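User: I have a structure open and would like to talk through its pockets, annotated sites and strands. Could you take me through them?

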Amino acid sequence: MQSLLLYCRPGFESACAAEITDLAAMSEVYGYAKTERESGLVLFDCGSQESLEHFASQLSFQHVVFSRQIVLVAPVLELSAEDRLTPIMLAATELPVCGKLFIESADTNEGKALSALCRKFKPHFERSLVKQKRLQDKESLPWMHLIFESGTRAWLGISLKGRRSPWPMGIRRLKMPGSAPSRSTLKLEEAFHYFLTREKWPEYLKPMTTAVDLGAAPGGWTWQFVERGIKVIAIDNGPMEHNLMGSGLVKHIRADGFTYRPSGTVDWLVCDMVEKPARVVERMATWLEKGWSRRAIFNLKLPMKQPWRSVKLYLEQLTERLPDHSIRAKQLYHDREEITVCILPLEN
Ligand SMILES: C[S@@+](CC[C@H](N)C(=O)[O-])C[C@H]1O[C@@H](n2cnc3c(N)ncnc32)[C@H](O)[C@@H]1O
């Protein structure tokens, strides 16, 4: 494979490019990233195919912040609208046998305009692959991705088991719950799905445990806990939604989220206050160092300039201050100019 193709939130290509270049350099793979602003895609190349494939096979996708999906791709295919299938099938014979097929485009308006083509092309391509025994339903196999950049340009490549997102385009879509007070609720729901393995939900999201929600109003994040029978101390000077308060599980305290502290240890600290990220990092680290909460999920608003450099610095600070915790961060699909961080105690 010649390159790594990374999908990201449009507008964050340079952050995604800086991050992958940095991660590669840490593995002594020296390469460069090419991208266009607002394209939602980043292409990373290095001189050696072997080094690139080795790097991709070692890369911990779980710890990559800005990329939604990472695919090892062959050189871009120039296609004719009359017959796309023949050259794509030919390129597919160069790939290993795969377990699944994704036909995708970038998360941009241009990309969305290609979704009809993706849908139409899939059954033809899939049928041909199955006929040639290039698709087999096995969990351990790589997955094949065909990414249309336009009707006449596409990349074909593979994502590796344990180093990829399971979702088409790397996007976990969620349905907005009708009774939640704000769309922000989806950020916390996606964070639960992304950071907490499903088997851990009964332990981490146990009814009648307690969460503190800093910057809670009108209550979208609080709602996620209440839905699971978890008690919430909601800190905000603004009003909480009336129905949520009727649940009997929420205690609303009008206080400053940067000075409030609980009387004992709570199970969760969550924070969605729109504030300087350095200030939020400092406060979150203090809560966990002092044992005021067992775990935390919070948002960090990103600076316009060099977001990866800032994120890296904040993650280093947190790692240094919280050596007994696992710290992960991701720009989730429902995040905008921000990332979500999850801190859990390390398991013995
Ligand atoms: C983005 S909104 C939170 C939305 C909420 N997570 C939801 O899902 O509905 C940010 C909230 O933080 C609150 N906030 C900002 N600074 C705060 C502070 N220092 N102390 C308490 N709340 C604060 C604001 O009043 C606002 O309601």
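Analyst: The exchange below covers the pocket, the cavities, the annotated positions and some strand pairings of this predicted model.

User: What is the volume of the largest pocket?
Analyst: Its volume is about 920 Å³.

User: How many residues line the largest pocket, and which lie nearest its centre?
Analyst: The lining has 38 residues, and those nearest the centre are Gln62, Pro166, His193, Tyr194 and Arg328. The elements that contribute two or more residues to this lining are strand E4 (67–73), helix H6 (185–195), helix H7 (201–204), strand E14 (325–330) and strand E15 (338–345).

User: Which element gives the largest share of that lining?
Analyst: H6 does, with four residues.

User: And how does the lining of the largest pocket divide by class?
Analyst: It comprises 16 nonpolar, nine polar and 13 charged residues.

User: Now the enclosed space. How many cavities of 30 Å³ or more are there?
Analyst: The structure holds two of them. The largest cavity encloses about 70 Å³, and the second largest about 50 Å³.

User: Which residues line the largest cavity?
Analyst: The lining consists of Leu4, Ala56, Leu59, Phe61, Ile70, Val71, Leu72, Ile158, Ser159, Leu160 and Arg163. Two elements, E4 and strand E8 (153–159), each give two or more residues to it. E4 supplies the largest share, three residues. By class, the lining has nine nonpolar residues, one polar and one charged.

User: What about the second largest cavity; which residues line that?
Analyst: Tyr7, Cys8, Gly40, Leu41, Arg68, Ser105, Ala106, Asp107, Met169 and Ile171 line the second largest cavity. Six of these count as nonpolar, two as polar and two as charged.

User: Ser105 is in that list. What stands opposite Ser105 in E7?
Analyst: Phe148 stands opposite Ser105. The two strands concerned, E6 (residues 100–105) and E7 (residues 143–150), pair in the parallel sense over six bridges.

User: Why is E6 described as largely enclosed by the rest of the structure?
Analyst: Five of the six residues of E6 are buried, so the strand is largely enclosed by the rest of the structure.

User: Is there a domain annotation I should know of, and where does UniProt place it?
Analyst: The unreviewed UniProt entry places "domain: Ribosomal RNA large subunit methyltransferase M THUMP-like" at residues 83–159. Over residues 83–159 the chain is 38% helix and 27% strand, with the end C-alpha atoms 26 Å apart.

User: Changing topic: where does UniProt place the feature "binding site"?
Analyst: The unreviewed entry gives Ser184, Ala217, Pro218, Gly219, Gly220, Asp236, Asp256 and Asp272.

User: Let us take Ala217. Where is it found?
Analyst: Ala217 is in the loop between strand E9 (210–214) and helix H8 (220–227). Pro218 is likewise in the loop between E9 and H8.

User: Why does Ala217 count as partly exposed?
Analyst: Ala217 counts as partly exposed because its relative accessibility is 26%, and partly exposed covers values between 20% and 50%. Pro218, at 34% relative accessibility, counts as partly exposed too.

User: Which residues do they touch, leaving out close sequence neighbours?
Analyst: Setting aside residues up to four places away in sequence, Ala217 touches Asp236, Gly238, Pro239 and Met240. With those neighbours again set aside, Pro218 touches Pro181, Ser182, Pro239, Met240, Glu241 and Leu244.

User: Met240 comes up in those contacts. Is Met240 buried or exposed?
Analyst: Met240 counts as buried, because its relative accessibility is 10% and buried means under 20%. Met240 is in the loop between strand E10 (231–235) and helix H9 (242–245).

User: How far apart are Met240 and Gly220?
Analyst: They are 20 residues apart in sequence and 9.4 Å apart in space, C-alpha to C-alpha. Beyond four places in sequence, the contacts of Met240 include Gly219, Thr222, Ala234, Val250 and His252.

User: Back to strands. How many of the residues of E12 are buried?
Analyst: Six of the six residues of E12 (residues 266–271) are buried, and the strand is mostly covered.

User: What does E12 pair with?
Analyst: E12 is joined to E9 by four bridges, and these two strands run parallel. In that pairing, Leu214 has Cys271 as its bridge partner in E12. E12 is also joined to strand E13 (residues 293–301) by five bridges, again running parallel. There, Trp268 stands opposite Arg295 in E13.

Notes: Residues numbered from 1 in each chain as written. Predicted model: local features only at pLDDT ≥ 70, side-chain atom pairs only at ≥ 80, totals over all residues. Heavy atoms only, no water. UniProt positions renumbered as here; feature names shortened; annotations may be inferred. Buried < 20%, exposed > 50% of the residue type's maximum accessible area, 1.4 Å probe, protein only. Contact = heavy atoms within 4.5 Å. Pairing = 2+ DSSP bridges. 1 Å grid on protein atoms, 1.4 Å probe; cavity = no way out; pocket = protein on both sides within 12 Å on 5 of 7 lines; lining within 4 Å. Points joined across faces, edges and corners; volume = space filled by probe spheres on them. Nonpolar A, V, L, I, M, F, W, Y, C, P; charged D, E, K, R; others polar.
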